[in-house]
Amino acid sequence: MDAALSLAPAEARFTLLHVTSPAAADAAHGAYRGLLGRGGPDPGDQLERLAQASAADLMEAAARRLGRPSDRLEIDDYAERAVVAASAGADLLIVARDGDRSRLGPKSLGKTTRFVVDHAACPVLLVWPEAPPDVGTIPPPPHHPHHGGR
């Protein structure tokens, strides 16, 4: 939020996007169905309710932090595909790094964020969620004595 607010024009309109993956609830439903003859509530249903409540709380906190009117988009799907699809209608997609944030380099992007950066249908602004690491943390070039290559 801080990066978006510091870089966007005052008149910019924001859409807050939250994606909930169905994977965890699907796994819980599947595990429950595998317990033949067991009664009681399906734990996958409870997991879905908890995910919805968590998403609502997160979106509300983001909207408060933004401090201006915004649209909200909540999607139940796989994150990388949902974010790329949502980017088709955006002027700019702001994405925070989600990998190793202790040093500079390609591992500062997780698999999902790498997919989004590579496939987004609009410009992408990639931000550090906190202060970036020192430039001295960048990995050495290939074939460098400290790289391990030949």
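This is a short tour of a predicted model, one selection at a time.

**Start with the whole chain**

Show the protein chain as a cartoon and colour it by secondary structure. You should find 5 helices and 4 strands. Walk along from the N terminus and the elements come in the order α-β-α-α-β-α-β-α-β. Of the 150 residues in the protein chain, 23% count as buried.

Now switch on a surface. The protein chain exposes about 10,000 Å², and carbon and sulfur atoms supply 56% of that area. What share of the contacts with a separation of 6 or more comes from residues 24 or more positions apart? In the protein chain that share is 66%.

**Stop 1: the loop before strand S1**

Select Glu11, which sits in the loop between helix H1 (2–7) and strand S1. Is Glu11 buried or exposed? Its relative accessibility is 65%, so Glu11 counts as exposed. While you're here, draw a distance from Glu11 to Arg68: the two are 57 residues apart along the chain, and their C-alpha atoms are separated by 10.0 Å.

**Stop 2: helix H2**

Move on to residues 23–33, which make up helix H2, and pick out Ala27. With a relative accessibility of 49%, Ala27 counts as partly exposed; the cut-off for exposed is over 50%. Now add Gly44 to the selection. Ala27 and Gly44 are 17 residues apart along the chain, with 7.6 Å between their C-alpha atoms.

**Stop 3: helix H4 and what it packs against**

Next, select residues 79–87, helix H4. Which residues of H4 are buried? They are Ala82, Val83, Val84 and Ser87. Show these as sticks, then bring up strand S1 (14–20), strand S2 (70–76), S3 and H5, because the buried residues of H4 pack against these elements.

**Stop 4: the H4 and H5 pair**

Keep H4 on screen and add H5, residues 111–119. The axes of H4 and H5 come within 9 Å and cross at roughly 25°. Angles under 35 degrees count as roughly parallel, and H4 and H5 are therefore roughly parallel to each other. The crossing of H4 and H5 is right-handed.

To see where the two helices meet, show side chains on both. From H4, select Ala79, Glu80, Arg81, Val83 and Val84. From H5, select Thr112, Phe115, Val116 and His119, which meet those H4 residues. Colour this contact by class and you get 5 nonpolar, 2 polar and 2 charged residues. Val83 and Val84 are worth a second look: both belong to the buried set of H4, and both take part in the meeting with H5.

**Stop 5: Thr113 in H5**

Stay in H5 and select Thr113. Where does Thr113 fall on the scale from buried to exposed? Its relative accessibility is 7%, and that is why Thr113 counts as buried. Show what surrounds Thr113: leaving out residues up to four places away in sequence, Thr113 touches Val95, Ala96, Asp98 and Leu126.

**Stop 6: the loop after H4**

Go back to H4 and follow the chain into the loop between H4 and strand S3 (93–96), where you'll find Asp91. Asp91 is exposed, with a relative accessible area of 74%. Not counting residues up to four places away in sequence, Asp91 touches Cys122 and Pro123. Try a distance to Val124 as well: Asp91 and Val124 are 33 residues apart along the chain, and their C-alpha atoms are separated by 9.1 Å.

**Stop 7: the loop from S3 to H5**

For the last stop, select Gly99 in the loop between S3 and H5. Gly99 counts as partly exposed, at 26% relative accessibility. What does Gly99 contact, leaving aside neighbours within four places in sequence? Add Lys107, Ser108, Leu109 and Gly110 to your selection, since Gly99 is in contact with these residues. Then reach over to Arg114, which is 15 residues from Gly99 in sequence and 9.7 Å from it in space, C-alpha to C-alpha.

Note on methods
Residues are numbered from 1 along each chain as its sequence is written. This is a predicted model: local features need pLDDT of at least 70, side-chain atom pairs count only at pLDDT 80 or more; totals for chains, interfaces and linings use all residues. Side-chain values use heavy atoms; hydrogens and water are left out. Buried means under 20% relative accessible area, exposed over 50%, partly exposed in between (1.4 Å probe, protein chains only). Contact means heavy atoms within 4.5 Å. Accessible areas come from the Shrake-Rupley method with a 1.4 Å probe; for residues, only the protein chains shown count as cover. Axes are lines fitted to C-alpha atoms, for helices over the stretch in contact, and angles run from 0 to 180 degrees between N-to-C directions. Angles under 35 degrees count as roughly parallel, over 145 as roughly antiparallel, 65 to 115 as roughly perpendicular and the rest as oblique. A crossing is left-handed if the near helix is turned anticlockwise from the far one by less than a right angle, and right-handed if clockwise. Ala, Val, Leu, Ile, Met, Phe, Trp, Tyr, Cys and Pro count as nonpolar, Asp, Glu, Lys and Arg as charged, and the others, Gly among them, as polar.
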